[in-house]
Amino acid sequence: MRLGGILSIILFLLAVCVAGYLFFSQTKTQDAPLDAAQKNASTRMDTAQPSLSSPLPTPVAEPELKTCLIRGRVVDDKGKGIPRAKVKAALSGRKFALLMSGHANLATEANEKGVFILEAPIILGAQYTLRATAQDYVFKELRQNKKKVESPLVLPDTSLDDVEILMSRTGGISGHVVDQHGRAIPQVFVRYGLKERVEIGDFLTTHTPSDSGGNFEISRLEQAGEYVLWGYFKMDPMDPHSIVMAYGDPFHPLATVKLAEGEWKTNIKVVVQMDDNRVVEGRVIDLNGVPVVGANVWAVAGELCVGIADKKTTSMGSFQISSILPEYSRNMMVAEEITHVILKAEKKGYEPGESDEVPVGAKNVDLLLQRERLGTIACHLYDAHSGDDIGDAEIYLKQTTTEWGEQRLNKTLYQQVVEKKGVKARWSDGKYILSNIPIGSASILVCSESYGIYEKSGIVVNADTTTNVEIPLEAAGLLCVQVLPPPKKIDGYRFWCRGIDLCMESSPSVSKVLQEKGRSHLSCRIEKGNADDYLVFAPEYNGKDAGAKQARQMLLGNMHRDFVVSPGEWRFKIAMAFTPESLEDVNTPVTVWECKKTATVKTNCVTSVVFDVQEHLDTSGNLEVKLPADRDTQYSIRLVSGKYSPFTEEDSIQSFQAQWRNAEWELKGLIVGDYCSFDFIPDGDYTLIYYPYISKLTFETPLTIPLTVASGVSKEIELP
């Protein structure tokens, strides 16, 4: 046994020596200088592909990202855990969020006891904002070890324990809208607000009307106090322009409710007084005394609808308004008694009718409607120089303004163009006939491959007559619009040309027609560009990935467009976006440019417009906006070019939105954490608009801040 062991050791030592010799010899061979032939062969091999026999380079290990475990609970004011609350940690500095693609927004869900664990990466100098959301709760404060801590937080190297996210329960009101007999009234929108605030217009409205049982609910009431409730009714709740009947007002509420903080009150009755004697009954008939079936009828006092017929007129033309309000407020301060009303009726195919000074309680009232008086337009198209008739065009009715002041936009115009349903000429005389047009004035669109797109407005239409219109046309010109992308990739961003479109702001559907009819198959492209360098993402249609090929085609189409249009001045819009590469949500652009330009097109000429993005990037600046810490989750923040016309208390929210949307430049910021950033802003004067939609039950006046952006300068402002 001893001899065998010695032999085994000797054999092992010999094997080690042989292996060492072979390794040393191989090393000397590799280190020996190469002759010229060997060098050339080695060079060719390196340029072609690495040798499989060559030693692989040692990979450089990426530094491991340290993380911190955040452990805690989401609790209410009494320390009770809030189940299934959603916890979110957001990097408060935008630059950190852009670096951390997968960690810019970290979220988890608490368990049934409100306990959560969240893992967050530790980045030098980065801070986190920790928040929670839960139904019927709002964030109050952040605690650790039962002590309040300020946010944002700097995470420790190990873990953050004993964190409490304190939430306050919001209050609410629910109940029924009924009449004085307790009968449910559906389709009533309940308006509400704190009594001391409604006098200055601070109130809200339920998003949905009362249901068939008159039930309504108001939730997320953060403040304690005395709330007043009133309401209004729409003939068509889905139509924002439908006629409204008011039930009470802020100074004459239908119910008053006192709420403590976080309190819910149920079975509140919003009582609408319906006087059984305050009715108006009658018939709707035409000029020949024939009943009009299916007409809408309502009663008006001042400019306010104070009663609506229970249903449309019957086969006998009969209607009944069973509940006319006893009073209305002309200026929301002084209520006036309603003793007489104006009855109004309408039905498609009839001119609207009305009857003045109808006493409340009247029966057998006859309300007259006459059928729409119609006329005809005959257009003669001919060449302005030769006088030859033009027979290859199509004419579409764009808009009519009736004699009684109603503006009607042809909503089917785009569909007609797609299906090629425009009126065509008789080949012999180039005349186009448009019939059954209500009396008043009309505008038309002329579309021709040879003469482009032309609009004619102010055509007078008379009843039962034909209006002849002579339209000489000049040969079309070609408008070519091209966007030159940045010549090289922008670090951290991707560029996307969102669209090049002809503009007609008064009529979006007609704008679509311009794209459809004016698009040219010709091309005056100056520079193709490489779509691969600027591809942002493959768009999704119907939830499916369209693929990079389809996205590339769409991008090339947006980079350059040609339009065949009639001679004259034309407006077009170029929309662009800069999207951060590191954000997973590619639908949130950092910066959106919408630049509106004009170009004069001449007959038989090519008008080329080149928009060089790099020129605007070279003169751009940057803006960082620090958002308020106690801001609500719903708000709008925009940057528009030039001065902003002041928002007065009389203006509506819709008017406000329309004003900034029509700005020449509209920049949309990227919101990360507590900052909203606007990158690549062309130098010039701007107005920052911050508008909280809902903040503590208040429709607040937007905050507007005029500012100047200088080339190459980064500016930071803090909102109050």
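**Exercise 1: a three-strand sheet**

In what order do the three strands of the open sheet with strands 37, 41 and 42 stand, and is the pairing parallel or antiparallel? Work out the edges and one bridge pair too.

*Solution.* Keep in mind that you're looking at a predicted model.

- Step 1: start with the order. The open sheet runs 37-41-42, and its pairing is antiparallel.
- Step 2: find the edges. Strand 37 (493-502) and strand 42 (591-601) are the edge strands, each pairing on one side only.
- Step 3: check the twist. Ignoring direction, neighbouring strands here are turned by 20° against each other on average.
- Step 4: zoom in on one pairing. Strand 37 and strand 41 run antiparallel and are joined by nine bridges. For a residue-level handle, look at D501, which stands opposite K573 in strand 41.

**Exercise 2: a ring pair that involves strand 41**

Stay with strand 41, then classify the ring pairs in this model, beginning with a count: how many aromatic pairs does a search of the whole structure find?

*Solution.*

- Step 1: the search turns up three aromatic pairs.
- Step 2: take F203 and W230. Their centres are 5.3 Å apart with 70° between the planes, and the pair is edge-to-face. The cut-off for that class is over 60 degrees.
- Step 3: place them in the chain. F203 sits in the loop between helix 4 (195-198) and strand 11 (204-205), while W230 belongs to strand 13 (residues 225-234); the pair links distant parts of the chain, 27 residues apart. Both F203 and W230 are buried.
- Step 4: now F578 and F680. With ring centres 4.8 Å apart and planes at 45°, this pair is tilted. Because F578 lies in strand 41 (residues 568-580) and F680 in strand 48 (residues 675-682), the pair ties together parts that are 102 residues apart in sequence.
- Step 5: check burial against the cut-off of under 20%. F578 has a relative accessible area of 0% and is buried. F680, at 14% relative accessibility, counts as buried too.

**Exercise 3: a charge and a ring**

Which residue lies over the face of F139, and at what distance from the ring centre?

*Solution.* Look for R131: it lies over the face of F139, at 4.1 Å from the ring centre.

**Exercise 4: a mixed sheet**

Which strands stand at the edges of the sheet with the order 12-9-16?

*Solution.*

- Step 1: this is an open sheet of three strands, and the pairing is mixed.
- Step 2: strand 12 (215-221) and strand 16 (264-272) each have a single partner strand, so one side of each has no neighbour in the sheet.
- Step 3: from one strand to the next, the twist averages 25°.
- Step 4: pick out the parallel part. Strand 9 (residues 171-179) pairs with strand 16 in the parallel sense over seven bridges. On that seam, G172 has W264 in strand 16 as its bridge partner.

**Exercise 5: a covered strand**

How many residues of strand 36 (residues 477-484) are buried? Sort them by direction and name the partner strands.

*Solution.*

- Step 1: eight of its eight residues are buried.
- Step 2: recall that side chains in a regular strand alternate between the two faces of the sheet. Here G477, L479, V481 and V483 point one way and L478, C480, Q482 and L484 the other, and all are buried.
- Step 3: go to the antiparallel partner. Strand 40 (residues 560-565) is joined to strand 36 by six bridges, and C480 stands opposite D562 there.
- Step 4: then the parallel one. Strand 43 (residues 606-612) pairs with strand 36 over seven bridges, with L484 opposite D612.

How values were computed. Residues are numbered from 1 along each chain as its sequence is written. This is a predicted model: local features need pLDDT of at least 70, side-chain atom pairs count only at pLDDT 80 or more; totals for chains, interfaces and linings use all residues. Side-chain values use heavy atoms; hydrogens and water are left out. Rings of Phe, Tyr and Trp (its six-membered ring) pair if their centres lie within 6.5 Å; planes under 30 degrees apart count as stacked, over 60 as edge-to-face and the rest as tilted. Helices (H or I, at least four residues) and strands (E, at least two) are DSSP runs, numbered from the N terminus. Buried means under 20% relative accessible area, exposed over 50%, partly exposed in between (1.4 Å probe, protein chains only). A charge sits over a ring if NZ of Lys or CZ of Arg is within 6 Å of the ring centre and within 35 degrees of the ring normal. Two strands pair if DSSP finds at least two bridges between them. Axes are lines fitted to C-alpha atoms, for helices over the stretch in contact, and angles run from 0 to 180 degrees between N-to-C directions.
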